[in-house]
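This report is written for a reader meeting a protein structure early in their studies. Please keep the structure in view while reading, and look for each part as it is named.

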Amino acid sequence: MTPLLLPHQLLLDAGAFFEACGTRGLEGTAMIKIGPGGPALIIPDQQPWRSPAGHVAVEVTRAGQLELARALTAEELFVARIHSHPAEAFHSAADDANPVLTHEGALSIVVPFFGLGLRRGLDACAVLRRDRTGWCGLPPGAGRDRWIGGMPENGR
Ligand SMILES: [Zn+2]
């Protein structure tokens, strides 16, 4: 089993999208697919939400769900969800219940500080892996490197 290696540019693109959402105090969400062409970021149509008290959430719209379904060829599958949080990176109850990825081995990346945390790489993010029992945290280090990592800047 080789780890999912995310291209530097993919993480830059995700970070740029999340930061753009963050300028309006909103979360963003995206998916990562993998296939013969390697990993790719898919940003679906989405509806972010912010209450007057500053509680935030984001939902993929019906149109976005169709975009995700159409984004896959027969040889591709979604391997990870990546989304931003306003402050700390953790899996909320809503994140645990999100139905978009439920297969064993799926990964979930939570980026802190409206995407800004990604400037410090995956180590600044929460990463979870789905196993038979549910989502399990992968703290930075060998236990995480087994499953996922970022490519160096010159590795694309
Ligand atoms: Zn979340």
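## Overall build

In this predicted model, buried residues make up 42% of the 156 residues in the protein. The secondary structure comes to four helices and ten strands, and, read from the N terminus on, the elements run β-α-β-β-β-β-α-β-α-β-β-β-α-β. The radius of gyration is 15 Å, close to the 15 Å that the globule rule gives for 156 residues, so the protein is as compact as a globular protein of that length.

Taken along the principal axes, the box filled by the C-alpha atoms of the protein is roughly 45 × 35 × 35 Å. Among the contacts in the protein with a separation of 6 or more, 60% are accounted for by residues that are 24 or more positions apart. The protein exposes about 8,400 Å², and 56% of this area is supplied by carbon and sulfur atoms.

## Strand β2 and its partners

Strand β2, which covers residues 29–35, is mostly covered, since five of its seven residues are buried. Strand β2 is joined to β6 by six bridges, and the two run antiparallel; one of the residues to look for here is A30, whose bridge partner in β6 is I82.

Strand β2 is also joined to strand β3 (residues 38–42), in this case by five bridges, and these two strands run antiparallel. A hairpin joins β2 to β3 through two residues, and the bridge partner of G35 in β3 is G38.

## The zinc site

Which protein atoms are the donors of the zinc ion? They are NE2 of H83, NE2 of H85 and two OD donors of D95, lying 2.0 to 2.6 Å from the ion. Along the chain, the donors follow the spacing H-x1-H-x9-D. The pair H85 and D95 links distant parts of the chain, for H85 lies in the loop between β6 (77–84) and α3 (93–97), whereas D95 lies in helix α3, ten residues apart from H85. Both H85 and D95 are buried.

The angles among the four donor atoms of the zinc ion are 54 to 162°, and the site is irregular. A site with four donors counts as tetrahedral if all angles lie between 85 and 135 degrees, and the range of 54 to 162° found here reaches beyond both of those limits. For comparison, the ideal angle for four tetrahedral donors at a metal is 109.5 degrees.

How values were computed: Residues are numbered from 1 along each chain as its sequence is written. This is a predicted model: local features need pLDDT of at least 70, side-chain atom pairs count only at pLDDT 80 or more; totals for chains, interfaces and linings use all residues. Side-chain values use heavy atoms; hydrogens and water are left out. Donors are N, O and S atoms within 2.8 Å of the metal (3.2 Å for Na, K and Ca); water is not among the atoms, so sites may look incomplete. Four donors count as tetrahedral if all angles lie between 85 and 135 degrees; four count as square planar and six as octahedral if opposite donors are over 155 degrees apart and all others between 65 and 115; anything else is irregular. Buried means under 20% relative accessible area, exposed over 50%, partly exposed in between (1.4 Å probe, protein chains only). The radius of gyration is taken over C-alpha atoms; the globule rule is 2.2 Å times the number of residues to the power 0.38. Contact means heavy atoms within 4.5 Å. Accessible areas come from the Shrake-Rupley method with a 1.4 Å probe; for residues, only the protein chains shown count as cover. Two strands pair if DSSP finds at least two bridges between them.
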